[in-house]
Amino acid sequence: MALADPDLSGSTAFITGTTRGIGKRLALALADHGCNIVSTGKTTDDDDSDLEGSIEQTAREVRDRGSEALALELDLRDEARVEAVVEEAIDHFGEVDIVINNASAIQLANIADLPANRFDLLTEVNVRGTHLVAHAFADHLAGLDEAWLLSNSPPVVTDRSPGKAPYAWSKLGMSFITLSLAEELASDDVGCNTFWPVTTIDTRATRYFGLGTEDDWRTPKIVSDAVLEILSRDPSACTGNSFYDEDLLREAGVTDFSPYNLTDSDPAPMSARLFDPEFEREV
């Protein structure tokens with residue numbers, strides 16, 4: 001097994017939702033490969049919150065790894081703030097060549113049970129937030145020699161999702177924006193792709209909403225390893241794809257996924273089947 005070891009020194013990644021979970025793991029994994037990090041999210045050191053983590057804490061851990069970090073408070077529902085934060089990140093680092101839409105709101109509910117304000121939250125954070133970030137960065141990314149825009153969202157393989165339609169709509173919308181941008185920036189050497197875990201990942205949301213048990217979960221490291229596999233490629237050739245983490249790692253030679261599991265169990269593909277009930281692993 002030879003996982004990707006990209007040299008990201010000189011690169012800067014703007015990542016949404018870095019206070020904990022997958023977003024934080026992405027920030028630290030990229031920093032381990034020399035990448036500077038723009039750590040963004042809603043939770044700051046000044047918040048009176050019982051939740052572990054903050055954008056500043058992630059930034060401190062990035063600096064401990066020898067990379068530069070900038071922590072910027074960001075609510076993806078605030079268009080003016082998105083534009084201001086993107087401008088500040090570019091002004092600070094000169095250029096930002098990796099953009100990762102990771103932050104997301106989640107609520108699994110029937111249409112009849114989900115009030116309009118919760119539907120609005122899912123739409124505004126997930127699909128609209130992805131659009132705002134992509135819109136703010138598009139011209140900048142197109143002007144670079146090579147760049148990436150990635151989104152933590154699933155393949156578009158269904159036209160219905162009973163029991164979770166509003167959430168599915170917002171996550172599939174993230175993918176639709178990202179894959180459409182791949183076509184719009186096809187001549188600019190910007191690799192626009194989505195990535196999605198096959199199994200459920202151990203995050204605060206997973207635990208809060210009771211999405212299985214520890215036997216069903218893997219650590220966020222499997223997602224960060226998959227993203228590093230993407231970033232090791234040529235963005236001019238690797239664009240317009242929807243990747244599953246397991247597929248990327250199998251291509252890299254991984255045959256034993258147990259080191260990613262929380263327990264000795266073999267987690268089922270719950271995350272992939274969230275949107276593709278017929279999903280079966282390729283073996």
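Q: A pocket here is an open set of grid points with protein on both sides within 12 Å along at least five of seven lines, and a residue counts as lining if one of its atoms is within 4 Å of a point. With that in hand for this predicted model, which residues lie nearest the centre of the largest pocket?
A: Ala103, Ser104, Ala105, Ile106 and Ala205 sit nearest the centre, out of 43 lining residues. The space in there comes to about 1,200 Å³. Among the elements giving two or more residues to this lining are helix H1 (21-32), strand E2 (36-41) and helix H4 (116-142). Helix H6 gives the most, with four residues.

Q: How do the lining residues of the largest pocket split by class?
A: You get 20 nonpolar, 16 polar and seven charged residues. Bear in mind that Gly goes in the polar bin.

Q: What makes up the lining of the second largest pocket, by class?
A: Two nonpolar, four polar and six charged residues. Asp, Glu, Lys and Arg count as charged, and the lining includes Arg20, Lys24, Arg25, Glu52, Asp202 and Arg204. H1 supplies the largest share, three residues, and the volume is about 270 Å³.

Q: What puts arginine 204 over the face of tyrosine 208?
A: Arginine 204 is 5.7 Å from the ring centre, and the distance cut-off is 6 Å, with the charge also within 35 degrees of the ring normal. The call is that arginine 204 lies over the face of tyrosine 208.

Q: How many aromatic pairs turn up in the whole structure?
A: Six.

Q: Why is the pair of tyrosine 167 and phenylalanine 275 called tilted?
A: Their ring centres are 6.0 Å apart and the planes make 35°. Pairing needs centres within 6.5 Å, while under 30 degrees would be stacked and over 60 edge-to-face. An angle of 35° falls in neither class, so the pair is tilted. The two residues are 108 apart along the chain, tyrosine 167 in helix H5 and phenylalanine 275 in helix H9. Together with Trp196 they form one aromatic cluster.

Q: How do you know whether tyrosine 167 is buried or exposed?
A: Its relative accessible area is 5%, and buried means under 20%, so tyrosine 167 is buried. Phenylalanine 275, at 2%, is buried too.

Q: What kind of pair do phenylalanine 257 and tyrosine 260 form?
A: A tilted one: 6.4 Å centre to centre and 40° between the planes. The distance passes because the cut-off is 6.5 Å, and 40° is neither under 30 nor over 60 degrees. Phenylalanine 257 is buried at 9%, and tyrosine 260 is buried at 7%.

Q: Which residues have the most contacts inside the largest nonpolar core?
A: Phe14, Val99, Phe137 and Leu141, in a core of 44 residues. Elements supplying at least two residues include strand E3 (69-73), helix H3 (79-93) and strand E5 (147-152). H4 gives the most, with eight. As background, nonpolar side chains tend to be buried together in soluble globular proteins.

Q: What makes a cavity something other than a pocket?
A: A 1.4 Å probe fits in a cavity but cannot get out, whereas a pocket is open. One cavity of 30 Å³ or more is found, and the largest holds about 30 Å³. H4 gives five residues to its lining, the most of any element. By class the lining has five nonpolar, five polar and no charged residues.

Definitions and conventions
Residues numbered from 1 in each chain as written. Predicted model: local features only at pLDDT ≥ 70, side-chain atom pairs only at ≥ 80, totals over all residues. Heavy atoms only, no water. Buried < 20%, exposed > 50% of the residue type's maximum accessible area, 1.4 Å probe, protein only. Points joined across faces, edges and corners; volume = space filled by probe spheres on them. Core = buried A, V, L, I, M, F, W, Y, C linked by side-chain atoms within 4.5 Å.
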